[in-house]
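Hi,

Here is the structure I promised to pass on. Have a look at it first, and then read on for what turned up.

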Amino acid sequence: MSGLVDGIFKHVEGSSPRKVAERMLDGRLNPRLDDPFGLTFEEMNDKIERLKKRQADAEHRAMMLADEVQRAEEEKQQLLAARQQFYDTGEIDPSLIPECSGIHASEQQSFNRETLDAAEQTLSENIEGEGWEIDRRRADDEFVYITVKRRREEFDEQRVEQRPVKAQLIQRVREVIEAHRDAIIEFSVHRSPRKPAAP
């Protein structure tokens, strides 16, 4: 043999899990060269990496929260001392004045609701009969945000129904694997060595 021919040890179209999956969906799996489960393991490895990152982020947040709890406990001790000082001397430390966050949030929510209701009424009058509908709404100190939506004019329900859905893709891959089951088992590099038959 004078040289290696491309495609003897790997598929000429590529052997990445994504390329193999695309060939499987086209019905062109080559059990001698393609790993039909490569995408499954790639997805699992990605999931593990995402979970490890979430775990690291959660551990970092837990450490930050522990520091915040400790600082809050120290601030509470200072408040206790400031309160005692007030009872002893009549001096009001600024830290003793509440921030009124809960009361402010409640009043702001009530104010925003009135503003949003008025804005929604005005907007509804302007878009009535146009097929628009209000989807989401919110307000801050400066702006009112109202999201409206309308079905696309070129919306083709039949075309949307023909679009491949995840369940159909999974079923097509399953059918290809089942159709090539014996060849996949025979040529797999991942298969454990067969045990010799008992005498």
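Going from one end of the sequence to the other, you'll meet the elements in the order α-α-α-β-β-α-α-α. That makes six helices and two strands in total. Keep in mind that this is a predicted model. Of the chain's 199 residues, 10% count as buried.

Let's begin with helix H1, which covers residues 17–25 and includes Arg18. Arg18 has a relative accessibility of 55%, so it counts as exposed; the cut-off for that label is over 50%. Have a look at Leu39 too: it is 21 residues away from Arg18 in sequence, yet the two C-alpha atoms are 6.3 Å apart in space.

Next up is helix H2, which runs over 38–89. Two charged patches are worth finding on the surface. One is negative and brings together Glu42, Glu43, Asp46 and Glu49. Asp46 is part of helix H2, and its relative accessible area of 40% is why it is called partly exposed. The other patch is positive, made up of Lys47, Arg50, Arg54 and Arg61. Arg54 is in helix H2 as well. Is Arg54 buried or exposed? Its relative accessibility is 59%, so Arg54 counts as exposed.

After that, go to the loop that links helix H2 to helix H3 (101–127), where you'll find Cys100. What is odd about the phi angle of Cys100? Phi is near 60° there, a positive value in a residue that isn't glycine. With 40% relative accessibility, Cys100 counts as partly exposed, because that label covers whatever falls between the 20% and 50% cut-offs.

Last stop, the two strands. S1 takes in residues 133–139 and S2 residues 144–149, and they pair in the antiparallel sense over six bridges. How many residues sit between them in the hairpin? There are four residues between S1 and S2. If you want a pair to look for while you're there, Arg137 stands opposite Ile146 of S2. As a reminder for when you follow a strand along, side chains in a regular strand alternate between the two faces of the sheet.

That's the tour. If you only have a minute, I'd go for the positive patch with Arg54 in it, the negative patch with Asp46 in it, and the S1–S2 hairpin.

Cheers

Definitions and conventions:
Residues numbered from 1 in each chain as written. Predicted model: local features only at pLDDT ≥ 70, side-chain atom pairs only at ≥ 80, totals over all residues. Heavy atoms only, no water. Buried < 20%, exposed > 50% of the residue type's maximum accessible area, 1.4 Å probe, protein only. Patch = residues over 30% accessible without salt bridge, like charges linked within 9 Å, V, L, I, M, F, W, Y side chains within 5 Å. Areas by Shrake-Rupley, 256 points an atom, 1.4 Å probe, with all protein chains shown as cover. Salt bridge = Lys/Arg side-chain N within 4 Å of Asp/Glu carboxyl O. Lys, Arg positive; Asp, Glu negative; His and termini not counted. Charge placed at Lys NZ, Arg CZ, Asp CG, Glu CD. Pairing = 2+ DSSP bridges.
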